[in-house]
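Trainee: I've got a new structure open and I'd like to talk it through. Could you help me see where the words people use for it come from?

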Amino acid sequence: ADAAAPAGGASARFDHGAWDRVLKRHVHAGASINEVSGINAVDYAGVSTDSDYDLYLQQLAEADVDALPPAEQLALWMNAYNALCISLVVEHERAGPDVLLQSVTHLKKDGTGVFDLPAGVVGGKTYTLNQIEHEQLRQRWAEPAVHGCIVCASASCPNLRPEAFVASRLAEQMADQMQTWMQNPTKGLLLQGASRVMLSRIFLWFADDFGGFDGAKRYVRTCGVGPDVDQALGSGRTAIRYFKYDWTL
C-alpha cells in the first residue's frame with residue numbers, strides 16, 4: 001500500500017487525540033438525506049464551539065510532517081483532509097449566515113470551487129482540499145482505499161469515521177471503511193438482480209486508482225461483499241452502473 005510513500009522518521013508519532021475526541025462527540029450514525037441512508041452525520045454547530053477542534057487545527061498547522069514515518073503521514077493527511085473540509089463548513093457556521101448551507105459546493109468564492117479554496121494549514125503550508133487529495137494522497141500513495149477514508153461533507157461520500165485514523169491501526173481502519181461503504185446499498189454498492197451492480201460514482205471518477213474498470217470490480221470483491229455480489233462482479237456479463245452523487249451537506 002505504501003509503494004510510493006515518502007520516507008520519514010522511524011519512530012516519530014503525531015497525536016490525533018484532539019481530533020478523535022471531536023469525532024466521538026459530534027459524529028452521529030443513522031442519518032438519512034434524500035435517497036441516501038445510513039449516513040454518519042456531523043453536528044457542525046457543535047464542532048464550531050469545540051475547543052479541541054481549534055486545538056487540532058493548530059496542531060496540524062505546526063506538524064513536522066516530513067519527520068513522520070509513512071503510516072503516520074498517511075493517517076495525518078487523511079485526518080487533515082476531513083478536518084479541513086469540516087473547517088470550511090465551520091467557518092460558515094461561525095460567520096452566522098442567515099441562509100442555512102445546503103451543500104459544501106455552495107461555498108465557492110469568486111468563481112473558485114470549494115475544493116480549490118484555501119482550506120487550512122498543515123506543516124506550515126496552506127493547502128486546498130484538492131492539493132491534499134491529489135498531491136499528498138493520490139500521488140504519494142498507491143492506495144485506493146484512501147477514497148473510502150476522505151470525506152467531502154456530502155451525503156454520497158463514504159461515511160466520516162467516528163474516530164481518528166492512527167498509524168498503529170491504519171490498515172484495519174481503512175479496510176473497515178471500505179467494507180462499511182460497500183455494505184451501504186444507497187451509496188456504496190447495490191446488487192440489482194444477478195447481473196447488474198450499482199457502485200459509488202467515485203469508482204467511475206477515480207477508476208484509474210483502482211486499476212481501471214476491471215480492476216475496480218476486482219478490488220470491490222476484496223471488500224467483504226458476500227458471495228452473490230462476488231459472483232456478479234466476477235462475471236463479464238454483469239453491467240456496472242453508478243449511483244447519482246448527492247452533494248447535500
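Mentor: Sure, let's go from the whole protein down to one helix, keeping in mind that this is a predicted model.

Trainee: What is the protein built from?

Mentor: You'll find 9 helices and 7 strands in it.

Trainee: Why is it called as compact as a globular protein of that length?

Mentor: Put two values side by side: the radius of gyration is 18 Å, and the globule rule gives 18 Å for 249 residues, so the description fits. If you want a box around the C-alpha atoms, it is roughly 50 × 50 × 35 Å along the principal axes.

Trainee: How much of the protein counts as buried?

Mentor: Of its 249 residues, 52% do, and the cut-off is under 20% relative accessible area. The accessible surface comes to about 11400 Å², with 50% of that belonging to carbon and sulfur atoms.

Trainee: What share of the contacts joins residues 24 or more positions apart?

Mentor: Taking contacts with a separation of 6 or more, the share is 71%.

Trainee: What makes helix 1 "mostly covered"?

Mentor: Count along residues 17-26: 7 of the 10 are buried, each being under 20% relative accessible area. Those are G17, A18, W19, D20, V22, L23 and H26.

Trainee: And what covers them?

Mentor: The cover includes strand 1 (27-33) and strand 2 (36-42), along with helix 2 (44-48), helix 3 (51-61) and helix 4 (70-94).

Trainee: How many charged side chains are there of each sign?

Mentor: There are 21 positive and 29 negative ones, and the centres of the two sets lie 7 Å apart.

Methods: Residues numbered from 1 in each chain as written. Predicted model: local features only at pLDDT ≥ 70, side-chain atom pairs only at ≥ 80, totals over all residues. Heavy atoms only, no water. Helix = DSSP H or I, 4+ residues; strand = E, 2+ residues; numbered from the N terminus. Rg over C-alpha atoms; globule rule 2.2 N^0.38 Å. Buried < 20%, exposed > 50% of the residue type's maximum accessible area, 1.4 Å probe, protein only. Contact = heavy atoms within 4.5 Å. Areas by Shrake-Rupley, 256 points an atom, 1.4 Å probe, with all protein chains shown as cover. Lys, Arg positive; Asp, Glu negative; His and termini not counted. Charge placed at Lys NZ, Arg CZ, Asp CG, Glu CD.
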